[in-house]
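Morning, everyone. One structure today, and I'll keep it short. Please have a look at the screen.

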Amino acid sequence: MKQELRLAQSVLSFAAPLVTSSVLLVSPSLAATFASAEANVFLENFSQSPDYSTVSAKTNTVTMTPVSSVLDADEGENASSASTGDSVTAIAQADSLFFTNPPAFATNTTVSNAFGDQENFFGFAKSEASVIGGFLLNPAPNSTESFSFDFTAFFNLATSGEKSTAAVDISLVVLGGTDPNPANQTVFDFFSVSGELNSLGEDDLFSVDASDNFTLNTFLPSGDFGVDIEEESADLLAMGSYQRQFDRPTYLTFVETKETKATVQAPEPASTLALVIFGGWLSLAGRSISMGCRSKRRIL
């Protein structure tokens, strides 16, 4: 219980500044339509340090208004565009760390926010983060060896306005086999939790799923959402552990992935699609003109 309390305190102390900043950003006074999705994962108390590890953090933002072109920042953190009276902003952030020296510890964070105002706009933010670790379990003859770790997952979703969506997807997977190459391993165990909020309570979804070797000690969902609520929010805290025994040499690959997405749009999707197509055409046309100018200068 004390260990669980320490984990709860650490996740809340880490997440609090993020949640506070998000609430300030998505205040209705700042934007008529907004969507926000944040997620944090903490992994600790690995039974052994990984033989190898990799981390990844990616962001993508797209914004559109009637007179703007699509802004796509695959490795950037934000994008914004505006026409007369219409404005939209998308912000995405992602961080991922894996400390492999004993005791091994991993953590990552993703934040996706989108804000739109007035009558014509489209904004999208997406953040992804992952950690991967490779382990070799090599028990002595006629004995077993255990692989285990503890995890804490936290997410916060919020939406407001005519058309906004906030979504999160977190998964933990343990692969294994006689080959160290993950491509040749099979899925031993998994844990996943996901959520999606849509403005005005349309198709709000929440799910959690886990195989037998995952133990969920704490599962605390909360929120304010429904078909008659214009401003929705949802939080979830999940804490647990994983443990599995092996009686023969086995290569394991641990994979944790997390994704958050935020979308705002007005008017309805069909009109938004026209905006995106028109904006994309303007963007391509601009690039063609620019390339033609550069070609001319090279000839001269």
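Start with A166. Its bridge partner in β13 is A262. A quick reminder: this is a predicted model. That bridge belongs to the pairing of strand β8, residues 164-177, with β13. The two run antiparallel, joined by 14 bridges.

Now β13's pairing with β6. Strand β6 covers residues 121-137. It also pairs with β13 in the antiparallel sense, over 17 bridges. Here L136 stands opposite Y251 of β13.

So how many residues of β13 are buried? The strand spans residues 250-266, and 13 of its 17 residues are buried. Buried means under 20% relative accessible area. β13 is therefore largely enclosed by the rest of the structure.

Next, the core. The largest nonpolar core has 40 residues. Which of them touch the most other members? L43, F46, F147, F149 and F254. Strand β7, residues 145-160, gives this core its largest share, with 6 residues.

Take L43 on its own. Leave out anything up to four places away in sequence. L43 then touches F105, A106, V131, F149, D150, F151, L172, F254 and E256.

Now the whole chain. It has 2 helices and 13 strands. Of its 300 residues, 44% are buried. Consider contacts with a separation of 6 or more: residues 24 or more positions apart account for 72% of them. The exposed surface is about 14,900 Å². Carbon and sulfur atoms supply 55% of that area.

That's it from me. Over to you.

Key. Residues are numbered from 1 along each chain as its sequence is written. This is a predicted model: local features need pLDDT of at least 70, side-chain atom pairs count only at pLDDT 80 or more; totals for chains, interfaces and linings use all residues. Side-chain values use heavy atoms; hydrogens and water are left out. Helices (H or I, at least four residues) and strands (E, at least two) are DSSP runs, numbered from the N terminus. Buried means under 20% relative accessible area, exposed over 50%, partly exposed in between (1.4 Å probe, protein chains only). Contact means heavy atoms within 4.5 Å. Accessible areas come from the Shrake-Rupley method with a 1.4 Å probe; for residues, only the protein chains shown count as cover. A nonpolar core is a set of buried Ala, Val, Leu, Ile, Met, Phe, Trp, Tyr and Cys residues joined through side-chain atoms within 4.5 Å. Two strands pair if DSSP finds at least two bridges between them.
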